[in-house]
Amino acid sequence: MMQNVHLAPETDEDDLYSGYNDYNPTYDTEELENDTAFQQAVRTSHGRRPPSKTSLTSSLGRPMTGAIQDGVARPMTAVRAAGFTKAALRGSAFDPLGQSRGPAPPLEAKNEDSPEEKIRQLEKKVNELVEESCIANSCGDLKLALEKAKDAGRKERVLVRQREQVTAPENINLDLTYSVLFNLASQYSANEMYAEALNTYQVIVKNKMFSNAGRLKVNMGNIYLKQRNYSKAIKFYRMALDQIPSVHKEMRIKIMQNIGVTFIKTGQYSDAINSFEHIMSMAPNLKAGFNLILSYFAVGDREKMKKAFQKLIAVPLEIDEDDKYISPSDDPHTNLVIEAIKNDHLRQMERERKAMAEKYIMTAAKLIAPVIETSFAIGYDWCVEVVKASQYVELANDLEINKAITYLRQKDFNQAVETLKMFEKKDSRVKSAAATNLSFLYYLENEFTQANSYADLAVNSDRYNPSALTNKGNTVFANGDYEKAAEFYKEALRNDSSCTEALYNIGLTYKKLNRLDEALDCFLKLHAILRNSAQVLYQIANVYEIMEDPNQSIEWLMQLISVVPTDSRALSKLGELYDNEGDKSQAFQYYYESYRYFPSNIEVIEWLGAYYIDTQFCEKAIKYFERAALIQPTQVKWQLMVASCYRRSGNYQKALDTYKEIHRKFPENVECLRFLVRLCTDIGLKEVQEYATKLKRLEKMKEIREQRIKSGRDSSGSSRSKREGSAGSDSGQNSSSSSKGERLSAKLRSLPGTNEPYESSTNKEIDASYVDPLGPQTERPKTAAKKRIDEDDFADEELGDDLLPE
């Protein structure tokens with residue numbers, strides 16, 4: 001042992017060559033014979049093993065220095081660089097990267113026919129179908145979504161059968177089965193196939209292997225609610241509520257809200273109140289608060305309504321203040337950030353939430369104000385005071401305006417005006433809204449001076465208020481300044497391109513200015529916005545009629561009656577256009593439909609009577625002229641036409657009785673006496689002399705009257721003649737714009753000629769007598785709910801759309 005111990009030299013001089021002869025005794029082969037441990041190993045079984053080329057390894061798992069591995073000795077680190085070998089001596093080339101071994105063997109080919117691979121591909125296909133079904137549903141293609149969901153269900157069942165053949169049943173993918181069934185039930189419900197949806201949900205709920213499947217009973221309750229099976233809806237909501245743990249507080253609150261809404265639908269307001277009271281005590285929200293007010297309103301509890309309204313006001317909005325979006329400094333980086341978040345999705349969501357809160361509060365205030373106090377005015381004042389003390393201070397002014405509108409609905413115009421005048425000293429926004437409504441009120445009362453002054457006030461308070469500009473344009477339009485009115489309407493459109501009232505009124509203005517192409521363009525634009533507006537369709541048809549394009553006018557009127565099929569004016573207008581085109585059968589069809597819906601239109605009655613006379617069916621014309629006589633009993637012409645129809649149909653006795661009745665009511669009617677004389681002469685009655693005497697006396701009186709009128713005219717001066725001439729021209733213009741029905745009446749009176757009392761009129765006489773029964777209307781034709789807009793009028797809706805704020 002001591003031979004390996006080296007003592008330090010006694011001299012201070014270092015031996016530069018010391019240690020070169022030192023070596024590890026492990027490599028001393030000369031002394032192996034004397035090594036007892038080595039000899040013992042050789043004599044055992046370990047020594048009798050076949051020789052191996054593997055070298056000894058170190059404890060770290062790598063070859064020891066100098067050991068031979070794969071025919072190459074690991075280099076001595078301290079002597080040779082890595083990768084250097086004496087390969088030339090061993091017959092191998094220098095290859096430190098092992099490139100001489102050749103390329104790596106190819107990957108093992110995938111066996112696509114194996115059951116596992118088929119299952120994997122089928123599972124992938126099922127997932128893809130479920131995704132495609134969801135995407136189709138989000139795009140609105142419900143039918144495609146349902147087909148994809150059914151296809152996914154079929155493939156999933158095939159997948160389950162294949163899996164059961166290959167693996168154990170516990171290896172089935174339950175999550176995939178759950179998602180397929182849940183998606184299928186959802187698509188059934190979206191397509192209103194409620195029975196199939198309920199069956200699918202039952203499959204999921206009854207399967208105990210699906211965890212948390214009980215929550216889907218909420219969906220089943222929703223389906224029963226849509227089917228109006230309220231008892232079952234409540235049952236399933238409560239079952240779902242029992243299966244949801246209390247830690248899921250938000251989910252439980254939503255289910256309780258559904259239960260409360262269902263109770264309201266069934267009229268069980270006390271149970272609904274209990275549900276909503278619990279929600280407002282645990283997690284108050286706007287919908288529950290509003291529904292609680294509705295429930296108390298239904299039971300008529302005034303004090304509880306007040307408390308519920310205060311709870312609704314106190315619900316936190318949880319949105320940022322508007323000051324957050326105002327830059328506090330000139331830092332460009334801060335300004336960029338504020339500009340980026342000023343209208344992002346979060347900001348839009350905040351606006352929607354605030355708008356919803358304001359809508360609930362305004363609706364609740366309008367609902368309870370008339371009932372919580374002795375009068376609606378006191379109730380509104382209480383609501384205004386509560387709102388002023390809350391975070392919704394700006395809604396107090398809107399409530400005051402609604403108070404004025406309530407006065408209007410009660411036809412208390414003075415109180416409405418007084419209430420609105422209180423806003424003249426308020427801030428500009430409220431002042432503009434109040435002035436707009438005041439302008440509207442005065443416009444309706446034809447006080448255009450006051451309407452104009454308040455329209456100016458509204459515009460000056462808020463130049464960007466499209467309603468104020470529209471009302472200002474209306475007042476200018478009423479004064480006949482159409483060019484200036486068009487400018488106000490254009491400015492309103494520049495401020496708000498969706499202001500349909502301004503666009504409609506500018507179309508009317510262009511019609512007044514005879515700029516028909518521009519008017520048509522406005523109405524066509526409006527039609528693209530309001531697809532089923534009866535007023536717009538009528539105006540387009542009217543413009544085409546003025547442009548002398550009857551085919552287009554008929555086409556648009558056909559669209560109009562598809563929207564309002566009971567509009568008698570539109571039907572009679574179609575009859576007029578077809579008659580102008582010479583299509584009498586179509587004209588008769590639409591005139592008759594118009595008469596069915598509104599049997600008191602004199603022009604339509606006249607046309608139908610003339611049509612039956614034209615077609616030699618005088619008996620059928622009688623009932624129309626009798627109805628006209630009922631509508632206008634003081635007009636003798638209708639009764640004369642009835643008698644004429646009896647005479648033309650050969651019923652002379654009935655004609656004689658009718659003429660006698662006419663003579664009794666109108667003893668000074670010359671035509672009636674003439675026909676009485678002729679009928680009595682032909683029949684041989686004794687009364688002929690009496691009627692002849694009366695006829696002569698009336699004719700003589702008529703001649704005397706005409707002579708007096710003529711002498712009076714001759715004695716008038718030339719100046720008066722000029723005035724009469726101008727008046728005559730004016731009356732000529734007025735008569736040219738009078739209704740065509742009056743001209744038809746004049747022609748109808750000439751049908752039974754005095755010289756030929758028994759002959760039927762010729763076709764030429766009838767054609768000449770028939771003219772357009774509608775003519776230029778000063779009244780707008782009525783639709784189902786509101787008047788159609790003509791060029792001389794404005795609809796109430798466009799005079800001030802702030803009058804009835806939503």
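**Figure 1. Lysine 584 and its salt bridge with aspartate 579 in the predicted model.** Lysine 584 is partly exposed, at a relative accessible area of 27%. Its side chain meets that of aspartate 579 in a salt bridge, with N and O 3.0 Å apart. Aspartate 579 has 8% relative accessibility, so it counts as buried, the limit being under 20%. Elsewhere, salt bridges with shared partners connect Asp151, Arg154 and Lys155 in one network. The whole structure holds 23 salt bridges.

**Figure 2. A salt bridge between helices H10 and H12.** Lysine 311 pairs with glutamate 277, the closest N and O atoms lying 3.0 Å apart. The pair links distant parts of the chain. Lysine 311 belongs to helix H12 and glutamate 277 to helix H10, with their positions 34 residues apart. Lysine 311 counts as partly exposed, because its relative accessibility is 35%. Glutamate 277 is also partly exposed, at a relative accessible area of 24%.

**Figure 3. A salt bridge within helix H9.** The side chains of glutamate 250 and lysine 254 meet here, at 3.8 Å from N to O. Both residues sit in helix H9. They are four residues apart, about one turn of the helix. Glutamate 250 has 58% relative accessibility and therefore counts as exposed. Side chains of opposite charge can pair when their charged atoms come close.

**Figure 4. Helix H11 and its surroundings.** Helix H11 runs through residues 286-299. At 1.5 Å a residue, its 14 residues should span 20 Å. The end C-alpha atoms are 20 Å apart, so the expected and modelled spans agree. At the start of H11, a side-chain oxygen of asparagine 285 comes to within 3.2 Å of the backbone nitrogen of lysine 287. Just after the helix, glycine 300 has a positive phi of about 75°. Buried residues of H11 include Leu286, Phe290, Leu292, Ile293 and Tyr296. Polar side chains are buried too, among them Asn291 and Ser295. Their cover includes helices H9 (249-266), H10 (269-282), H12 (302-313) and H14 (345-372).

**Figure 5. Helix H31 and its buried side.** Helix H31 comprises residues 652-665. The 14 residues should span 20 Å at 1.5 Å a residue, and the end C-alpha atoms are 20 Å apart, which agrees. Ala655, Leu656, Thr658, Tyr659, Ile662 and His663 are buried in H31. These residues cover an arc of only 165° around the axis, so they lie on the same side of H31.

**Figure 6. Glutamine 639 in helix H30.** Helix H30 spans residues 636-648 and contains glutamine 639. Glutamine 639 is buried because its relative accessibility is 12%, and buried means under 20%. Beyond four places in sequence, its contacts are Ala629, Pro633, Thr658, Ile662, Lys665 and Phe666. Of these, Thr658 and Ile662 are among the buried residues of H31.

**Figure 7. Valine 387 in the largest nonpolar core.** This core has 177 residues. Phe309, Val387 and Tyr659 have the most contacts inside it. Setting aside neighbours within four places in sequence, valine 387 contacts Phe309, Ile313 and Ile361. Valine 387 also contacts Tyr392, Val393, Leu395, Ala396 and Leu399. Another core, of nine residues, lies apart from the largest one. Its members include Ile119, Val126, Val130 and Leu159.

Definitions and conventions. Residues numbered from 1 in each chain as written. Predicted model: local features only at pLDDT ≥ 70, side-chain atom pairs only at ≥ 80, totals over all residues. Heavy atoms only, no water. Helix = DSSP H or I, 4+ residues; strand = E, 2+ residues; numbered from the N terminus. Expected span 1.5 Å × (residues − 1). Buried < 20%, exposed > 50% of the residue type's maximum accessible area, 1.4 Å probe, protein only. Contact = heavy atoms within 4.5 Å. Polar contact = N/O pair within 3.5 Å; in protein donor to acceptor, adjacent residues only side chain to side chain. Arc of directions from axis to C-beta. Core = buried A, V, L, I, M, F, W, Y, C linked by side-chain atoms within 4.5 Å. Salt bridge = Lys/Arg side-chain N within 4 Å of Asp/Glu carboxyl O.
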